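Here are some comments on the model, set out as numbered points for reading beside the coordinates. They begin with one helix and its surroundings, then turn to the aromatic pairs and the chain as a whole.

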Amino acid sequence: MNKPYSNILVALLKGIVYSHNEKVWDELLKPENEADIKKYFADIYLDVIIDKSEGYAYLKQRVSEDDEDETPKLIEKRQLNFHVSLLCLLLRKHLIENDREGESSKAILTKEEILNLVKPFYKETTNEANQQKQIETAIKRLIDEGFLRKMKTEEEQYEINRIIKAFVNADAVIDSLEKLRNYANQIAE
């Protein structure tokens, strides 16, 4: 027998649930559903993380200090390559700056603006087409991960999803960018 919130369970298992998916979001936030959903996932070692103010929810693997190696893992950590890591950090930095300036609650960048954010971290090369392809692949990966959303506009624009705040710590952005800049310089030499 299906539970009245089965569609929410499926949506969370598939990935991030955003507030713009009103049907699922509103059902998730009903107090009776929220408690049952959290209990359901707790039984399989997952925590439901809900950020009502930012408008997203996702599942996080529970890690117990007692039996870290004994807890079955449903959600695997994914390794991000240099290009994706760099882009994550730059998008998070842009989101911080956007929030500080208070211009809009949405942080939107064109493809060209994203390319311009990333270029200072790359050495000049005769193969700019290859560099651009790597950056475009990173953009696609961040769309798949739920950190970016391609907007339906004539101009190629992307919205930075606020979920990135849960995965990229603001305090680590500057330090990490500097480490990646040094790493990029070492690779180029």
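1. In this predicted model, helix α5 spans residues 111-118, and Lys111, Ile114, Leu115 and Val118 are the residues to look at there, since each of them is listed as buried. These residues cover an arc of only 100 degrees around the axis, and they therefore sit on the same side of α5. The general background is that an α-helix has 3.6 residues a turn, so residues three or four places apart point the same way.

2. Which elements cover the buried residues of α5? The cover includes two helices, α4 (82-101) and α6 (128-145), together with two strands, β4 (107-110) and β6 (157-160).

3. A search of the whole structure for aromatic pairs returns 4 of them. One of these joins tyrosine 40 to phenylalanine 41 in an edge-to-face arrangement, with 5.2 Å from centre to centre and 85 degrees between the planes. The two partners fall into separate accessibility classes: tyrosine 40 counts as partly exposed because its relative accessibility is 36%, whereas phenylalanine 41, at 0%, counts as buried.

4. Phenylalanine 147 and phenylalanine 167 form another aromatic pair, this one tilted, with 5.5 Å from centre to centre and 55 degrees between the planes. Phenylalanine 147 belongs to the loop between α6 and β5 (148-150) and phenylalanine 167 to helix α7 (residues 164-167), so the pair ties together parts that are 20 residues apart in sequence. Here too the accessibility of each partner deserves a look: phenylalanine 147 has a relative accessibility of 8% and so counts as buried, while phenylalanine 167, at 48%, counts as partly exposed.

5. The pair of phenylalanine 147 and phenylalanine 167 should be read together with its neighbours in the ring network, as ring pairs link Tyr56, Tyr58, Phe147 and Phe167 into a cluster.

6. For the chain as a whole, the assignment gives 8 helices and 6 strands, which follow one another from the N terminus in the order α-β-α-α-β-β-α-β-α-α-β-β-α-α. Of the 189 residues in the protein chain, 37% are buried.

7. Two further totals may be useful for comparison with your own calculations. Among contacts between residues at least 6 apart in sequence, 58% join residues that are at least 24 apart. The accessible surface of the protein chain comes to about 12200 Å², and carbon and sulfur atoms account for 46% of that area.

Note on methods. Residues numbered from 1 in each chain as written. Predicted model: local features only at pLDDT ≥ 70, side-chain atom pairs only at ≥ 80, totals over all residues. Heavy atoms only, no water. Buried < 20%, exposed > 50% of the residue type's maximum accessible area, 1.4 Å probe, protein only. Helix = DSSP H or I, 4+ residues; strand = E, 2+ residues; numbered from the N terminus. Arc of directions from axis to C-beta. Contact = heavy atoms within 4.5 Å. Phe/Tyr/Trp six-rings, centres within 6.5 Å; stacked < 30°, edge-to-face > 60°. Areas by Shrake-Rupley, 256 points an atom, 1.4 Å probe, with all protein chains shown as cover.
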